[in-house]
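User: Hi! I am just starting out with protein structures, and I would like a close look at the charged side chains in this one. Could you walk me through how they pair up?

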Amino acid sequence: MRLEYFEMIDRAASFDRDGRKLVATARVPLESPVFEGHFPGHPLVPGVLLTETMAQASGYLLLALNRLSHMPFLVGVDEARFRHFVTPGQDLSIEAAFDQEGSGYAATKAKIRVEGKLVASASLRFALTPFPADMKNLMLAQITRIGLGSEIPA
Amino acid sequence: MSTFDTVADIIADTADIPRDQITPESHAINDLGIDSLAFLDIAFAVDKKFGIKMPLEQWTQEVNEGKTPAENYFVLKNLCSRIDELVAAKTA
């Protein structure tokens, strides 16, 4: 994870196209300017960044499923829960599962676990739009970085 | 509950529009001011409630190409007829 760059996902651990599910991993950095404010002397990953982590895992799931045909933009967060503190150095397992799709949107359910323990969960909704200029290449680079490049046709 | 009442409740809830302003004659865009993002929220809730997939993109394309008047899809009584057709097609 590089919190300051909103790069929340390190690797895709598994991707199940038929089951429409992605499991990704991320290690919380030991140090970050984020922790200087949240909170001084008591570093905790903010809930809003855990939400972003679930959104990015969901986004990669949708991009892999649609093979980069449309860009998912986060438009809704429902039922977000943060059950335990997430602290520097912890390894996160992020699961994103497809929930529902329709004309121009898709919905997912996402969870974050630390050592098997559920620490966060949310239902997320995305608008699926044509890619803005140049963004497709950026997303292809990110998809490749996390190890899902083989899911995208050349 | 009728299709209209169900859809009107969904619109009131998701788009924050007073329920009594929503009538079968209301045009979702021109009268109620529902924008494309709010429409996605409404489509999500309607799809889930009725177990259908409203082809919003197809409808929008038809309207933009002049093949179908916008009223056919976006006046609520007509929208509800389209929903009823999709439900009937699903169960047929």
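Analyst: Here is a walk through the salt bridges, ending with a charged residue that has none.

A word on the ground rules comes before the details. This is a predicted model, in which local features need pLDDT of at least 70 and side-chain atom pairs count only at pLDDT 80 or more, while totals for chains, interfaces and linings use all residues. Residues are numbered from 1 along each chain as its sequence is written, chains are lettered from A in the order in which they are written, and side-chain values use heavy atoms, with hydrogens and water left out.

Side chains of opposite charge can pair when their charged atoms come close. A salt bridge here is a side-chain nitrogen of Lys or Arg within 4 Å of a carboxyl oxygen of Asp or Glu. Over all chains, the count is 14 salt bridges.

Let's begin with a pair between chains. Lys53(B) and Glu101(A) form a salt bridge, with their closest N and O atoms 3.6 Å apart. This pair crosses from the loop between α2 (36-50) and α3 (56-64) of chain B to strand β4 (residues 91-102) of chain A. Helices (H or I, at least four residues) and strands (E, at least two) are DSSP runs, numbered from the N terminus. Glu101(A) is partly exposed, at a relative accessible area of 32%; buried means under 20%, exposed over 50%, and partly exposed in between, using a 1.4 Å probe and protein chains only.

Next come two pairs inside chain B. Asp9(B) and Arg19(B) form a salt bridge, their closest N and O atoms being 2.9 Å apart. The pair links helix α1 (residues 3-15) to the loop between α1 and α2, 10 residues apart. Asp9(B) is partly exposed at 34%, and Arg19(B) is partly exposed at 29%. Glu25(B) and Lys77(B) also meet in a salt bridge, at 3.2 Å from N to O. Here Glu25(B) sits in the loop between α1 and α2, and Lys77(B) in helix α5 (residues 76-91), 52 residues apart.

Now for the charged residue without a partner. Asp47(B) lies in helix α2 of chain B. Asp47(B) is buried yet has no salt bridge, and the nearest side chain of opposite charge, Lys53(B), is 7.6 Å away; Lys and Arg count as positive and Asp and Glu as negative, with His and the chain ends not counted. The side chain of Asp47(B) does make a polar contact with the side chain of Tyr105(A), at 2.6 Å. A polar contact is a pair of N or O atoms within 3.5 Å; within protein, one must be able to donate a hydrogen and the other to accept it, and residues adjacent in sequence count only if both atoms are side-chain atoms.
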